[in-house]
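Please look through the structure below, beginning with how two helices pack and then turning to the protein surface that faces a DNA strand.

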2 protein chains.
Amino acid sequence: MPSWEIPSDQLPPVAAVQKLLRALADPARLEMVRRLASLPEDKAEAPCSDLYEGLSKSTATHHFKILVEAGVLHPVMVGPSRGHRLRRPALQEAAPGLLDALMAALARER
Amino acid sequence: MPSWEIPSDQLPPVAAVQKLLRALADPARLEMVRRLASLPEDKAEAPCSDLYEGLSKSTATHHFKILVEAGVLHPVMVGPSRGHRLRRPALQEAAPGLLDALMAALARER
DNA sequence: CTCCAAGTTTGACGGACGTCGTACTTCTCC
DNA sequence: GGAGAAGTACGACGTCCGTCAAACTTGGAG
């Protein structure tokens, strides 16, 4: 485990609803979450660069930071690169059904 | 019915998820929705001034506009004043479970 | 008809936010 | 251990957004 990785039990708590919404209300960040959420169950993790397009790396890092601080993502090692995992259980506990409702609505509008 | 009131069947469609989130991601607007949502079933409507505190009237109007354009609120006459109704059915159709999940999470964090 | 209360419109302003380039760090692999 | 790929940190910049005051509109009460 690399020095920067945070154990699951020391992650920041999932933020309050209002902050959560703010974190998700950006197109780039919503897309990041959508991509993670659409991965096969439980191993919902991917290297950073798989989660965005059309952004500079620094901008992407900025968005990841906001999502991590809101308690949505967990930064982890994925193969040889850094990556992120969707904190499904924590989110489900903080706001039951929210993520599911969002993803379903997103899926519907295509 | 006052001249400015819009029939239910001509309201703007509920906005896409991303715009919806943006509309709800502001503290003042989230509180407006929360107050409407916590009213007795179905007649969830109230005069404008009951839905906010600590804001100037012009700011409140601004927020209402955003919520109406996102398809969340329906401006209606309430007694002698203008007011708003929460568009529960439309929201439920556009994003099933989302409003409920949000309100439940909000209720929990007090 | 006139007045008043309640909302809206408009314009201005300040701070927050998304974006990027550049320089820096940290892993991995040879 | 050096080289390079992958992210991060920092600073700058422009735009969007929330806020307000002031002037205007509108519906209702008397």
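**Helix crossing and DNA surface**

The crossing of H2(A) and H3(A) is right-handed, meaning that the near helix is turned clockwise from the far one by less than a right angle. This is a predicted model, in which local features need pLDDT of at least 70 and side-chain atom pairs count only at pLDDT 80 or more, while totals for chains, interfaces and linings use all residues. Residues are numbered from 1 along each chain as its sequence is written, chains are lettered from A and ligands numbered from 1 in written order, and side-chain values use heavy atoms, without hydrogens and water.

The axes of H2(A), residues 27-37, and H3(A), residues 57-69, come within 10 Å and cross at roughly 70°, which makes the two helices roughly perpendicular (65 to 115 degrees). To the contact (heavy atoms within 4.5 Å) H2(A) gives A:Ala28, A:Arg29, A:Met32 and A:Val33, and H3(A) gives A:Ala60, A:His63, A:Phe64, A:Ile66 and A:Leu67.

DNA strand D is surrounded by 22 residues, the closest being A:Lys57, A:Thr61, B:Arg29, B:Ser58 and B:His63, where a residue is near if one of its heavy atoms lies within 4 Å. Of the strand D atoms that come within 4 Å of the protein, 60% belong to sugar and phosphate. The side chain of A:Lys57 places an N or O atom 2.9 Å from a base nitrogen of strand D, whereas for B:Arg29 the partner, also at 2.9 Å, is a phosphate oxygen. A polar side-chain atom of B:His63 lies 2.5 Å from a phosphate oxygen of strand D. H3(B) supplies the largest share of this surface, five residues.

Technical notes:
Axes are lines fitted to C-alpha atoms, for helices over the stretch in contact, and angles run from 0 to 180 degrees between N-to-C directions. Helices (H or I, at least four residues) and strands (E, at least two) are DSSP runs, numbered from the N terminus. Angles under 35 degrees count as roughly parallel, over 145 as roughly antiparallel, 65 to 115 as roughly perpendicular and the rest as oblique. A polar contact is a pair of N or O atoms within 3.5 Å; within protein, one must be able to donate a hydrogen and the other to accept it, and residues adjacent in sequence count only if both atoms are side-chain atoms.
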